[in-house]
Amino acid sequence: MKSHRARAGALCLALMMMSEHSIAQSQLSQAEIYRAQARLFESNFLTRIPDGRIGQRTLDALRAWQRQAKRPQTAELTKKEFDQLMRFDPGKHAWEAISGSTDGTWIAVWGHRSGVEAAKKALAGCQKKSSRPDDCSYVSNSVDRSGPGWSAAVFCEQQGLFRKKGQMFLHNGLSRKSAMDQAFAAASTAKFRPSQCTLVKALNGDGQQ
């Protein structure tokens, strides 16, 4: 009986917290949520293209920004937090993005003032060119006042039972070597041998390769 009451109490508390959380988020329009996500993306806290919907990735990115801005880590996108976020200067000035698919298709763009636009352009290019557009993923990074950020794409392919299996590994790094090493490490974790993998692109926001 006590266990049942404890579970019921925990459920009620969780529902109350969810209700309060929903009320806090409902203070913003979808357009404002998109703007908040875009600012988090441009500040390198969010890695997914904005969609105007609040999910766990957005809340995690918001909490990371709150931590850096020395604000209470509520992970709640209230009107007050939105206003503070809009005042935050990400300081980015040159973005690149790489998008790649499991068929080996890849697209790279650089020199963009907006990380969101760079990621959208690379993803759209991959989806248009690839025979497997739904498999296109992307990564984006920037050159800012603290120095260059790099991205790398490594494509791996192995013979399966009936057909070849391909996978694109996309990673960021503070240097060209760091981005490449992380991409190859991810391929190794996925059980690809070095002989099955090729570096297809590594660049920073200024287009250095």
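Helices (H or I, at least four residues) and strands (E, at least two) are DSSP runs, numbered from the N terminus. The exercises below rest on a predicted model, in which local features need pLDDT of at least 70 and side-chain atom pairs count only at pLDDT 80 or more, while totals for chains, interfaces and linings use all residues. Residues are numbered from 1 along each chain as its sequence is written, and side-chain values use heavy atoms, with hydrogens and water left out.

**Exercise 1. Place alanine 75 among the elements, and decide whether alanine 75 is buried or exposed.**

Step 1. Alanine 75 belongs to the loop between α3 and α4.

Step 2. Buried means under 20% relative accessible area, exposed over 50%, and partly exposed in between, with a 1.4 Å probe and protein chains only. Alanine 75 counts as buried because its relative accessibility is 4%.

Step 3. Between the C-alpha atoms of alanine 75 and leucine 62, which stand 13 residues apart in sequence, the distance is 5.6 Å.

**Exercise 2. Describe the order of elements in the protein chain and the confidence of the model.**

Step 1. The protein chain holds six helices and six strands, and from the N terminus on they follow the order α-α-α-α-β-β-α-β-β-β-α-β.

Step 2. pLDDT is the predictor's confidence in each residue, from 0 to 100. Its average over the protein chain is 87, and 86% of the residues score at least 70.

Step 3. Over residues 13–24 pLDDT stays under 50, and for this stretch the model has six contacts (heavy atoms within 4.5 Å) beyond four places in sequence. Where pLDDT is low, the predicted coordinates should not be read in detail.

Step 4. Of the 209 residues in the protein chain, 43% are buried. Among contacts in the protein chain with a separation of 6 or more, 58% join residues 24 or more positions apart.

**Exercise 3. Identify the elements that supply the largest nonpolar core.**

Step 1. A nonpolar core is a set of buried Ala, Val, Leu, Ile, Met, Phe, Trp, Tyr and Cys residues joined through side-chain atoms within 4.5 Å. The largest one has 28 residues, and Leu40, Phe41, Phe45, Trp65 and Leu85 have the most contacts inside it.

Step 2. At least two residues of this core come from each of α2 (30–42), α3 (56–68), α4 (79–87), β1 and α5 (115–129), and the largest share, six residues, is that of α5.

Step 3. Leucine 85, setting aside neighbours within four places in sequence, is in contact with Ala36, Arg39, Leu40 and Trp65. Another core, of eight residues, lies apart from the largest one and includes Ile98, Val139, Ala153 and Leu203.

**Exercise 4. Work out the strand order of the open sheet and the placing of helix α6.**

Step 1. Two strands pair if DSSP finds at least two bridges between them. Three strands form the open sheet in the order β5-β4-β6, with antiparallel pairing.

Step 2. Since each pairs on one side only, β5 (164–173) and β6 (197–204) are the edge strands, and the twist from one strand to the next averages 15 degrees.

Step 3. The antiparallel pairing of β4 (residues 150–159) with β5 extends over 10 bridges, and serine 151 has asparagine 172 in β5 as its bridge partner.

Step 4. Helix α6 (residues 176–189) lies across β4, β5 and β6 and runs at about 145 degrees to β5; axes are lines fitted to C-alpha atoms, for helices over the stretch in contact, and angles run from 0 to 180 degrees between N-to-C directions.

**Exercise 5. Compile the surroundings of threonine 102 and of serine 99.**

Step 1. Threonine 102 sits in the loop between β1 (92–100) and β2 (106–112), and threonine 102 is buried because its relative accessible area is 18%.

Step 2. A polar contact is a pair of N or O atoms within 3.5 Å; within protein, one must be able to donate a hydrogen and the other to accept it, and residues adjacent in sequence count only if both atoms are side-chain atoms. The side chain of threonine 102 makes such contacts with the side chain of arginine 132 at 3.5 Å and with the side chain of aspartate 135 at 2.7 Å.

Step 3. Serine 99, in strand β1, has a relative accessible area of 0% and is therefore buried. Its side chain reaches the backbone oxygen of serine 137 at 2.7 Å.
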